[in-house]
Amino acid sequence: MNLLFLTDGAAAAGNAGTTPGAGMSIVSMVIYLVIIGAVFYFLLIRPQKKQQKQMDALVSSLEIGDSVLTTAGFYGVVIDVMEEVIVVEFGNNKNCRIPMKKTAVVEVEKPEGATPAETKETKEKK
């Protein structure tokens, strides 16, 4: 409400032909731009960066034996992990193995009773 009052006052001062009125309208315009920029940052940019960090953490934590949910809605088990591609086995059929991008994974469920450190140790022993 106060910001609207400042712009109305600036417009009235601008009609009077005084120099401070023009300066006041520039200041109020800068204030509006800063407020709009802050709103864009907190409502659009910051949540997107946070979601991207979560997705990167999810993709980097993929290991052999993890149960995953894909963007297509299929549940499967990771049987091989490469740089950008994973091979997922769907169902009990050993012939249904599909390579897909890591970014197609939406959810990861680690094997029961195993922590990430334990799964790495058991994988190295095999």
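Let me begin with strands S2, residues 75–81, and S3, residues 85–89, which pair in the antiparallel sense over four bridges. Please keep in mind throughout that this is a predicted model. Within this pairing, Val 78 has Val 88 in S3 as its bridge partner, and Val 81 stands opposite Ile 86, again in S3. The connection from S2 to S3 is a hairpin that runs through three residues.

On the other side of the discussion is strand S1, residues 67–70, which pairs with S2 in the antiparallel sense over three bridges. Here Leu 69 is the residue that stands opposite Tyr 75 in S2. The hairpin of S1 and S2 has four residues between the strands, and in this hairpin Gly 73 takes a positive phi near 95°.

If we now step back to the sheet as a whole, we find five strands in an open arrangement, in the order S4-S3-S2-S1-S5, with antiparallel pairing. Strand S4, residues 97–101, and strand S5, residues 105–109, stand at the edges, and because each has a single partner strand, one side of each is left without a neighbour in the sheet. As for the twist, neighbouring strands of this sheet are turned by 40° against each other on average, with direction ignored. As general background, strands of a sheet pair through backbone hydrogen bonds, in either a parallel or an antiparallel way.

Let me turn to the charged side chains. How many salt bridges does a search of the whole structure find? The search finds four, and I will go through some of them in turn. One of them joins the side chains of Lys 101 and Glu 84, at 3.7 Å from N to O. Lys 101 lies in strand S4 whereas Glu 84 lies in the loop between S2 and S3, so this pair ties together parts that are 17 residues apart in sequence. Glu 84 itself counts as exposed, at 52% relative accessibility.

Glu 89 deserves a separate look, since Glu 89, Lys 94 and Arg 97 are linked in a network of salt bridges. With Lys 94, Glu 89 forms a salt bridge in which the closest N and O atoms are 3.8 Å apart, and with Arg 97 the side chain of Glu 89 meets in a salt bridge of 3.0 Å, N to O. Are the members of this network buried or exposed? Glu 89 is buried, with a relative accessible area of 10%, while Lys 94 counts as exposed at 53% relative accessibility, and Arg 97, at 44%, counts as partly exposed.

Finally, I would like to move to the nonpolar surface. There is a nonpolar surface patch of about 1100 Å², and among the residues that make it are Met 24, Val 27, Ile 31, Ile 35, Phe 40, Tyr 41 and Leu 44. Where is Ile 31 found? Ile 31 is found in helix H2, which spans residues 19–60. With a relative accessible area of 32%, Ile 31 is partly exposed, and since a residue needs over 30% relative accessible area to be part of a patch, Ile 31 passes that cut-off.

Methods: Residues numbered from 1 in each chain as written. Predicted model: local features only at pLDDT ≥ 70, side-chain atom pairs only at ≥ 80, totals over all residues. Heavy atoms only, no water. Pairing = 2+ DSSP bridges. Helix = DSSP H or I, 4+ residues; strand = E, 2+ residues; numbered from the N terminus. Axes fitted to C-alpha atoms, helices over the stretch in contact; angles between N-to-C directions. Buried < 20%, exposed > 50% of the residue type's maximum accessible area, 1.4 Å probe, protein only. Patch = residues over 30% accessible without salt bridge, like charges linked within 9 Å, V, L, I, M, F, W, Y side chains within 5 Å. Areas by Shrake-Rupley, 256 points an atom, 1.4 Å probe, with all protein chains shown as cover.
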